[in-house]
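Let's take a friendly walk through this model, stopping at a few residues and helices along the way. Please keep the structure open beside the text.

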Amino acid sequence: DVPGQRLVRERLIVQHLLTELSAAHPMIAQTLREDSVVSLDLAPCPVEDPRVSSRVGDMADPAVLAEAITADTAGIFHLAAVLSGGAEQDFNLALRVNVDATERLLEAARATGARPRFVFTSSLAVFGSAVPTVVPEDLATQPESTYGATKAIGELLVNEYSRKGYVDGRVCRLPTISVRPGKPNSAASSFASGIIREPLQGLQAELPVPEDTRMWLSSPDTAVQNLVHAFIVESERLGGWRVLNIPGVSVTVAEMLDALEAVGGPEARARVVPRPDQRVMDIVCSWPGEFDVERTLSLGFRPDSSFEAAVRQFHREFVA
């Protein structure tokens, strides 16, 4: 991703995490003191908040991790990854970041001896196209992309380090996030935000997949709320298998365009131009579009009320 886009995304993520952590539990709010949150990225953290200490470095570097993660580290949110499109194009980079760096981060957490909570963001890309209409919680992973394969490996690593007692892991299989603010990124699913974000701002957007493609979606705010909930949920409620299918809303691309029209009018919908892209279809159309989330709902995780509600929120915050 371009540096400017990374800064926009990180600012929003860190700000949302701080807000949600503060609101989630009184004890957490009390412990969020000066320099209590360490942001580790390839670029300086753009959030100006006394609670945030910015560290710039490569997550694959054990020396960087040893400095950032100490015996005082109570929890880790591991959000870094080479995304689907980029992973397919650069296999070695995907392995280095999505697998090697994840293992080194887990090792750094293990070295503290403190068993910190470890929230790992996974993806529905761990599944392939040969899935039921509604994916059950216990379905085995069969990824059909490099990104999905590396995320599946990461899931197993977090589970094993949890089983051994080195971390208290929570694996969040996030829905596709829409509507993301900012600019397109390297994810094959980037269009899921682009076909809403750009038309609402008067720009043309390309649609690379058929309108009957079904997607499993979450707004950024709801995704962060669920990540924070994953952090605070009691360990004993999770059991031995720490993978959580995070709730989303299941909509076709046509229904997404209906929501766009409801918020932005027919002129906004007319700005979406079909332009089939086989590379994107091969990745995105292999992903399942609906999940059985009875367990995660019972644990307190929540989806957006509707995709149109997510579009209206984006319009209210970033357009209107």
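## Val249 and its surroundings

Leaving out residues up to four places away in sequence, Val249 touches Met215, Trp216, Leu217, Asp304, Ser306 and Phe307. The model is a predicted one, and Val249 has its place there in strand β10, which covers residues 249–252. Is Val249 buried or exposed? Its relative accessibility is 12%, so Val249 counts as buried, the cut-off for that being under 20%.

For a sense of distance across the model, try Gly57: 192 residues separate it from Val249 along the chain, and their C-alpha atoms are 36 Å apart.

## Helix α13 and its partners

Phe307, one of the residues touched by Val249, also belongs to helix α13, which spans residues 307–319. Two helices pack against α13 in what follows.

Take helix α9 (residues 253–264) to begin with: α9 and α13 pack at an angle of about 45°, their axes 9 Å apart. That angle makes α9 oblique to α13, and the crossing of the two is right-handed. On the α9 side, Met256, Ala259, Ala262 and Val263 take part, and they meet Phe307, Glu308, Val311, Arg312 and His315 in α13. Sorted by class, this contact of α9 with α13 holds six nonpolar residues, one polar and two charged.

Now turn to α7. Its axis and that of α13 come within 11 Å and cross at roughly 40°, which makes α7 oblique to α13. Here too the crossing is right-handed. From α7 come Ile196, Arg197 and Leu200, while α13 supplies Phe307, Val311, Phe314, His315 and Val319. By class, the residues in the contact of α7 with α13 are six nonpolar, one polar and one charged.

## Glu198 in α7

While we are at α7 (residues 191–200), have a look at Glu198, which lies in this helix. Glu198 counts as buried because its relative accessibility is 13%. Which residues does Glu198 touch, not counting those up to four places away in sequence? They are Gly182, Pro184, Leu203, Gln204 and Ala205.

## Helix α6 and Lys151

Helix α6 runs over residues 146–163, 18 residues in all. From first C-alpha to last, α6 reaches 26 Å, close to the 26 Å expected at 1.5 Å a residue. Of its 18 residues, 13 are buried, so α6 is largely enclosed by the rest of the structure. Just after α6 comes Gly165, with a positive phi of about 85°.

A charged residue to pick out in α6 is Lys151. At 3% relative accessibility, Lys151 counts as buried. Setting aside neighbours within four places in sequence, Lys151 is in contact with Ala80, Ala81, Phe120, Thr121, Ser122, Ser123 and Val126. With Ser123, the separation along the chain is 28 residues, and the C-alpha atoms of the pair are 6.8 Å apart.

## Helix α8

Our last stop is helix α8, made of 13 residues, 220–232. Its span from first C-alpha to last is 19 Å, close to the 18 Å expected at 1.5 Å a residue. How many of the 13 residues of α8 are buried? The count is 10, so α8 is largely enclosed by the rest of the structure.

If you would like to find them in the viewer, the buried residues of α8 are Asp221, Thr222, Ala223, Val224, Asn226, Leu227, Val228, His229, Ala230 and Phe231.

Conventions: Residues are numbered from 1 along each chain as its sequence is written. This is a predicted model: local features need pLDDT of at least 70, side-chain atom pairs count only at pLDDT 80 or more; totals for chains, interfaces and linings use all residues. Side-chain values use heavy atoms; hydrogens and water are left out. Helices (H or I, at least four residues) and strands (E, at least two) are DSSP runs, numbered from the N terminus. The expected span of a helix is 1.5 Å times one less than its number of residues. Buried means under 20% relative accessible area, exposed over 50%, partly exposed in between (1.4 Å probe, protein chains only). Axes are lines fitted to C-alpha atoms, for helices over the stretch in contact, and angles run from 0 to 180 degrees between N-to-C directions. Angles under 35 degrees count as roughly parallel, over 145 as roughly antiparallel, 65 to 115 as roughly perpendicular and the rest as oblique. A crossing is left-handed if the near helix is turned anticlockwise from the far one by less than a right angle, and right-handed if clockwise. Contact means heavy atoms within 4.5 Å.
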